[in-house]
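Here are some short exercises to work through with the model open beside you. Try each task first, then follow the solution step by step.

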Amino acid sequence: MRCRCGREALYHRRQSGQYLCASCFSRSVQKKFLATVRKHSLVKKDDKIIVGLSGGKDSTVLLHLLNDLKKRRPFTLAAIIIDEGIDGYREKTIKVALKTCESLHIPHHVFSFQEEWGIALDDIKPEISHCSYCGVFRRYLLNKKSRELGFEKLAVGLNLDDEVQSIMMNLLRGDLFRFGRTGPYYRDNPAFIPRIKPLREISEKEIMLYAVVNTIDVDHSVCPYAGEAFRSDIRKFLDTMESARPTTKYSLLRSYDRLFPFLHESLTCEITSCIKCGEPSISPICKTCQMLEEVVSRQ
Amino acid sequence: MKVTIVARTGSDTNPITLEGKSFQDILSQCQYTIEEVIVLKDGRVIIEEEVSDGDAIELVPVASGG
């Protein structure tokens, strides 16, 4: 198969029917990234942006793309790395993350569950899954530390697959509050660092392929707890649907994005401060403090 | 068609030869859909449709992380 430029194709974008060579494929991913940035005004001149970096493909590719953008539109860029305490897994990914920061000359900050709360994710004995604790604790630390470091935006490597999985998960769980918060932007609240998701229209497969064809060093490890997640079932369902009907994921995201302004208006609730830690919360005690109490009581 | 999967990066790396009506059929025997893997042949990325009978390929799962 040939790309329309005449070179040998290495990717068939089934959603559009295009066959793309390495160079045209990379350019198209960069264009998609820029289109999302422009559409939602995610990056402005002189912004202070910190990237949640794990060393995996999504956040690493995001850091590379933002670093390239920074050459044309000056803004402050740094990385924040969270060590959850997953033995045999996180130390490998952090090593890759640190190497990436070093090669791109990007300042980085590392925080851990152990330093913050004296626990590692491995120490938690959850009733259902580690993932729910990990997600809550990680988001808490990312928000708190990014704000304390003086950053204005937190860029996360959530891709198209992550977004549509979250939409489906929240819908199937009946979690309408979270369902109303999966969009490309959030209403300003000074205690929450706005999260930006410049990769939300790029599929996981295209991000991995972008890393491969551009020889970007990424960690391929799978979290040992990943199989536990409800997300795995949803992922499998959506991938099966997408294989049979190649626009499923985009259609779901587009539909959600059209509903988002209405959902965002009607499904959000008052943000207050947690009476224990002072961090933003929708209830008197935030989810992190509630979970920490549970963890301590089970030990 | 018969395809030998010489490596599946991130999982079992023992070569296995699988037979199926199509490449999609072979992928499903590995519990994958076309959305979940990148195919390498001789270390180079190829389009899934270009996998042919007798090929030895490597599958790179696109899912990683948590």
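**Exercise 1. Find which residues of H2(A) and H8(A) meet, and describe how the two helices cross**.

*Solution.* Start with the residues. On the H2(A) side you should find Lys57(A), Asp58(A), Thr60(A) and Val61(A), and they meet Ile207(A), Met208(A), Tyr210(A) and Ala211(A) of H8(A). Sorted by character, the residues of this contact comprise 5 nonpolar, 1 polar and 2 charged. Keep in mind that this is a predicted model.

Next comes the geometry. Two packed helices are described by the angle between their axes and the distance between those axes. Here helix H2 (residues 57-72) of chain A and helix H8 (residues 204-213) of chain A have axes that come within 10 Å and cross at roughly 65°. The crossing of H2(A) and H8(A) is left-handed.

**Exercise 2. Decide whether H8(A) is mostly covered or mostly open, and list what its buried residues pack against**.

*Solution.* First, count: 9 of the 10 residues of H8(A) are buried, so the helix is mostly covered. The buried residues are Glu204(A), Lys205(A), Glu206(A), Ile207(A), Met208(A), Leu209(A), Tyr210(A), Ala211(A) and Val213(A).

Second, look at the neighbours. Within chain A, the buried residues of H8(A) pack against strand E1 (11-13), helix H1 (22-39), H2 and helix H6 (160-173). From chain B, strand E3 (37-41) and strand E4 (44-46) join in.

Third, follow the chain onward. Just after H8(A), Thr215(A) has a positive phi of about 40°.

**Exercise 3. Work out which residues touch the most other members of the largest nonpolar core**.

*Solution.* This core holds 80 residues, and those touching the most other members are Phe25(A), Ile49(A), Val51(A), Leu62(A), Leu66(A), Ala79(A) and Ala155(A). Helix H5 (residues 130-148) of chain A is the biggest contributor, giving 7 residues.

Now zoom in on one of them. Leaving aside residues up to four places away in sequence, Leu62(A) touches Val51(A), Ala155(A), Gly157(A), Pro198(A) and Leu199(A).

**Exercise 4. Classify Phe260(A) as buried, partly exposed or exposed**.

*Solution.* Begin by locating Phe260(A) in helix H10 (residues 248-267) of chain A. Then count its neighbours: 18 other C-beta atoms lie within 10 Å. A buried residue needs 20 or more and an exposed one has 12 or fewer, so Phe260(A) is partly exposed. As a distance check, the C-alpha atoms of Phe260(A) and Ala35(A) are separated by 19 Å, with these positions 225 residues apart along the chain.

**Exercise 5. Describe chain A as a whole, and ask whether its radius of gyration agrees with that of a compact globule**.

*Solution.* Chain A contains 11 helices and 9 strands. For 299 residues, a compact globule would have a radius of gyration near 19 Å; chain A has 19 Å, so the two agree. The C-alpha atoms fill a box of roughly 65 × 40 × 40 Å along the principal axes. Buried residues account for 37% of chain A.

**Exercise 6. Describe chain B and its contact with chain A**.

*Solution.* Chain B has 1 helix and 5 strands, arranged from the N terminus as β-β-α-β-β-β. Of its 66 residues, 32% are buried. The contact between the chains draws 17 residues from chain B and 26 residues from chain A. On the chain B side, these residues divide into 7 nonpolar, 6 polar and 4 charged.

How values were computed: Residues are numbered from 1 along each chain as its sequence is written. Chains are lettered from A and ligands numbered from 1 in the order in which they are written. This is a predicted model: local features need pLDDT of at least 70, side-chain atom pairs count only at pLDDT 80 or more; totals for chains, interfaces and linings use all residues. Helices (H or I, at least four residues) and strands (E, at least two) are DSSP runs, numbered from the N terminus. The radius of gyration is taken over C-alpha atoms; the globule rule is 2.2 Å times the number of residues to the power 0.38. Axes are lines fitted to C-alpha atoms, for helices over the stretch in contact, and angles run from 0 to 180 degrees between N-to-C directions. A crossing is left-handed if the near helix is turned anticlockwise from the far one by less than a right angle, and right-handed if clockwise. Two residues are in contact if their C-beta atoms, placed from the backbone, lie within 7 Å. Ala, Val, Leu, Ile, Met, Phe, Trp, Tyr, Cys and Pro count as nonpolar, Asp, Glu, Lys and Arg as charged, and the others, Gly among them, as polar. A nonpolar core is a set of buried Ala, Val, Leu, Ile, Met, Phe, Trp, Tyr and Cys residues joined through C-beta atoms within 7 Å.
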